[in-house]
Amino acid sequence: MPTVFLSPSTQEFNPFYDGNGNEEYYMNLIADAMVPYLEASGINVARNTTEDTAVTSAQKSNAANADLHLAIHSNAAPENLAGQLRGTDVYYYTGSVEGERAAELFANNFSLISPTPQLVDIIPTTRLAELRRTAAPSILIEVAYHDNPDDANWIRGNIRDIARNLSVSTADFFGVPFRQP
């Protein structure tokens, strides 16, 4: 059975636009909601804790011999654009063929539920520790902007749909049938 390492954000210092919750809280809700879908689909789940960092999350992913590392985050605009940006970014490690395949698959599937499907972007990078330090193919998805009221409220209202979509993409990546819990 394949293993996915779920790495929801540990950034409790990133509040949602209205101060009601933060990135860490909502991304962990998504990861929690993914587990029953993944397990029903025959996918082993390992994950980080809220005490971890990007570096320790990558170390735990490697120790778990993960076959895919999935970091789940929400985004924030630069201060001069706070609250004005929307959309989804899917990052993968530059040059990773399997990371790029995962990014494309997740982005294509996510555009089916995103309120802004035209703003779902795939971005190669070498800067993110969770992509650079993991042995498994890895992606980091910024599901939407937590400093934008429309995006933040969409996240809050669609935890289960986001979790299901990311779980379908995980099953697709592994080539296993997606099953309901």
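Asn65 is exposed in this predicted model, because its relative accessible area of 59% is above the 50% cut-off. Asn65 sits in the loop between helix 2 (54–63) and strand 3 (68–75). Its backbone is worth a look too: most residues other than glycine have a negative phi. Asn65 is not a glycine, yet its phi is positive, at about 50 degrees.

Now let us turn to another asparagine, this time in a helix. Is Asn165 buried or exposed? Asn165 is buried, because its relative accessible area of 9% falls under the 20% cut-off. Asn165 belongs to helix 6. Leaving aside residues up to four places away in sequence, Asn165 touches Asn109, Phe110 and Ile113. Asn165 and Ser111 are 54 residues apart along the chain, and their C-alpha atoms are separated by 9.8 Å.

Helix 6 is a good place to pause, and two of its packing partners can be set side by side. Two packed helices are described by the angle between their axes and the distance between the axes.

| Helix pair | Angle between axes | Axis distance |
|---|---|---|
| Helix 1 (residues 23–40) and helix 6 (residues 159–174) | about 55 degrees | 8 Å |
| Helix 3 (residues 97–110) and helix 6 | roughly 140 degrees | within 9 Å |

Take helix 1 and helix 6 to begin with. Their axes make an angle of about 55 degrees, so helix 1 is oblique to helix 6. The crossing of these two helices is right-handed. On the helix 1 side, the contact is made by Tyr26, Leu29, Ile30, Ala33, Met34, Tyr37 and Leu38. Facing them in helix 6 are Ile159, Arg160, Ile162, Ala163, Arg164, Leu166, Ser167 and Thr170. Sorted by class, this contact of helix 1 with helix 6 has 11 nonpolar, 2 polar and 2 charged residues.

Helix 3 meets helix 6 as well. Here the axes cross at roughly 140 degrees, and therefore helix 3 is oblique to helix 6. Helix 3 also passes helix 6 in a right-handed crossing. Helix 3 brings Glu98, Arg101, Ala102, Leu105, Phe106, Asn109 and Phe110 to this contact. Helix 6 answers with Ile162, Asn165, Leu166, Val168, Ser169, Thr170, Asp172 and Phe173. By class, the contact of helix 3 with helix 6 has 8 nonpolar, 4 polar and 3 charged residues.

One of the helix 1 residues in contact with helix 6, Tyr26, deserves its own visit. Why does Tyr26 count as buried? Its relative accessibility is 8%, so Tyr26 lies under the 20% cut-off. Beyond residues up to four places away in sequence, Tyr26 touches Phe16, Asn20, Gly21, Ile155, Arg156 and Ile159. Tyr26 and Glu142 are 116 residues apart in sequence, and 12 Å separates them in space, C-alpha to C-alpha.

Tyr26 also leads us to the aromatic rings, since Phe16, Tyr25 and Tyr26 form one aromatic cluster. How many aromatic pairs does the structure hold? There are 5 aromatic pairs in the structure. In the pair of Phe173 and Phe174, the ring centres are 5.4 Å apart and the planes stand at 70 degrees, so the pair is edge-to-face. That angle is over the 60 degrees used as the cut-off for edge-to-face pairs. Both Phe173 and Phe174 are buried. Phe173 is also among the helix 6 residues that meet helix 3.

Note on methods. Residues numbered from 1 in each chain as written. Predicted model: local features only at pLDDT ≥ 70, side-chain atom pairs only at ≥ 80, totals over all residues. Heavy atoms only, no water. Phe/Tyr/Trp six-rings, centres within 6.5 Å; stacked < 30°, edge-to-face > 60°. Buried < 20%, exposed > 50% of the residue type's maximum accessible area, 1.4 Å probe, protein only. Axes fitted to C-alpha atoms, helices over the stretch in contact; angles between N-to-C directions. Helix = DSSP H or I, 4+ residues; strand = E, 2+ residues; numbered from the N terminus. Parallel < 35°, antiparallel > 145°, perpendicular 65-115°, else oblique. Left-handed = near helix turned anticlockwise from the far one by under 90°. Contact = heavy atoms within 4.5 Å. Nonpolar A, V, L, I, M, F, W, Y, C, P; charged D, E, K, R; others polar.
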